[in-house]
Amino acid sequence: MKEISRRQFITTATLTTGFVLAVQPVFAKVITTDSKGLTAGAVKIPVKDGEIPAYRAVPATGSNFPVVLVIQEIFGVHEHIQDVCRRFAKLGYLAIAPELFVRQGDVSKLSNIDEIRQVVAKVPDAQVLSDLDATVNWAVKSAKGNTKRIGITGFCWGGRITWLYAAHNPQVKAGVAWYGRLVGNASELTPKHPVDIASTLKVPVLGLYGGKDTGIPVDTVEQMRDRLKSSSSKSKIIVYPDAPHAFFADYRPFYREQEAKEGWQKLQAWFKQHGV
């Protein structure tokens, strides 16, 4: 893709409406949060090579809101991630979820998860970290966000990014990573993984993992725990023994209501404890 065509593409890209094709049919227990009392909807974030779409939800009145970056799964910023933003806004946060692989492709129309993984595999970590820096700048300058109260949370693909961004940006006060991959091979696009930054991490991150997650072996979680012991971050990992991967995703059959609700409460307490 030539630079000019890529710029044109990301500037005209739009946010996903509803749920992506790959997750149909949607699980019956899906949680729907209304936007009453909120300002919620699509926005554009200026980045180095144009603009990327994002979903923003914030209380309709007030200012100087604590900021929460909400990082998507491999399915992009679809209805579930947008709903999570509204849940944060109901708690008094400015929540924003930027579409972080819009340059590599539109996953919303893909029904095959393997095809989606091929798109996501092309996303460089450096691009993601730069886009999140731009999102923080936008939140503070254009959306009444408080630069001294920044948090981050992410799910699956976004859980891994949560660890990495907490290591990248010292402005972040706290993070909560939901079942994000912790280990992997170094590559040009993914030079480091959470286990590689654990010992030098300074930002407190709460990791929420499932003991029956077939994609993230418990031994890798224990490896991460061990590495965190030598950091100054006071990070913590909780493993729910009977929970599978994606246990917070209420629109999927993997959803586990008890663990999801408990994790959500622990997230709120973690953010409050650390000034977000």
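What radius of gyration does the protein have, and what would a compact globule with 276 residues have? In this predicted model, the radius of gyration is 17 Å, in agreement with the value near 19 Å for a compact globule with 276 residues. The C-alpha trace spans about 45 × 40 × 40 Å along its principal axes. The secondary structure comprises 8 helices and 8 strands.

Of the 276 residues, 55% count as buried. The exposed surface amounts to about 12,200 Å², with carbon and sulfur atoms supplying 52% of this area. Contacts between residues at least 6 apart in sequence were also considered; 76% of them join residues at least 24 apart. The protein carries 35 positive and 25 negative charges, and the mean positions of the two sets are 7 Å apart.

Three loop residues were examined individually. Asp49 is located in the loop between β1 (38-47) and β2 (50-59). Its relative accessibility is 6%, under the 20% cut-off, so Asp49 counts as buried. The Asp49 side chain forms a polar contact with the side chain of Arg103, at 2.9 Å.

Positive phi values occur at two non-glycine residues, Tyr179 and Lys234. For Tyr179, phi is about 40 degrees; this residue belongs to the loop between β6 (172-178) and α6 (194-197). With a relative accessible area of 1%, Tyr179 is buried. For Lys234, phi is near 60 degrees, and the residue is found in the loop between α7 (218-228) and β8 (236-240). Lys234 has a relative accessibility of 70%, over the 50% cut-off, and therefore counts as exposed.

Notes. Residues are numbered from 1 along each chain as its sequence is written. This is a predicted model: local features need pLDDT of at least 70, side-chain atom pairs count only at pLDDT 80 or more; totals for chains, interfaces and linings use all residues. Side-chain values use heavy atoms; hydrogens and water are left out. Helices (H or I, at least four residues) and strands (E, at least two) are DSSP runs, numbered from the N terminus. Buried means under 20% relative accessible area, exposed over 50%, partly exposed in between (1.4 Å probe, protein chains only). A polar contact is a pair of N or O atoms within 3.5 Å; within protein, one must be able to donate a hydrogen and the other to accept it, and residues adjacent in sequence count only if both atoms are side-chain atoms. The radius of gyration is taken over C-alpha atoms; the globule rule is 2.2 Å times the number of residues to the power 0.38. Contact means heavy atoms within 4.5 Å. Accessible areas come from the Shrake-Rupley method with a 1.4 Å probe; for residues, only the protein chains shown count as cover. Lys and Arg count as positive and Asp and Glu as negative; His and the chain ends are not counted. The place of a charge is taken as NZ of Lys, CZ of Arg, CG of Asp or CD of Glu.
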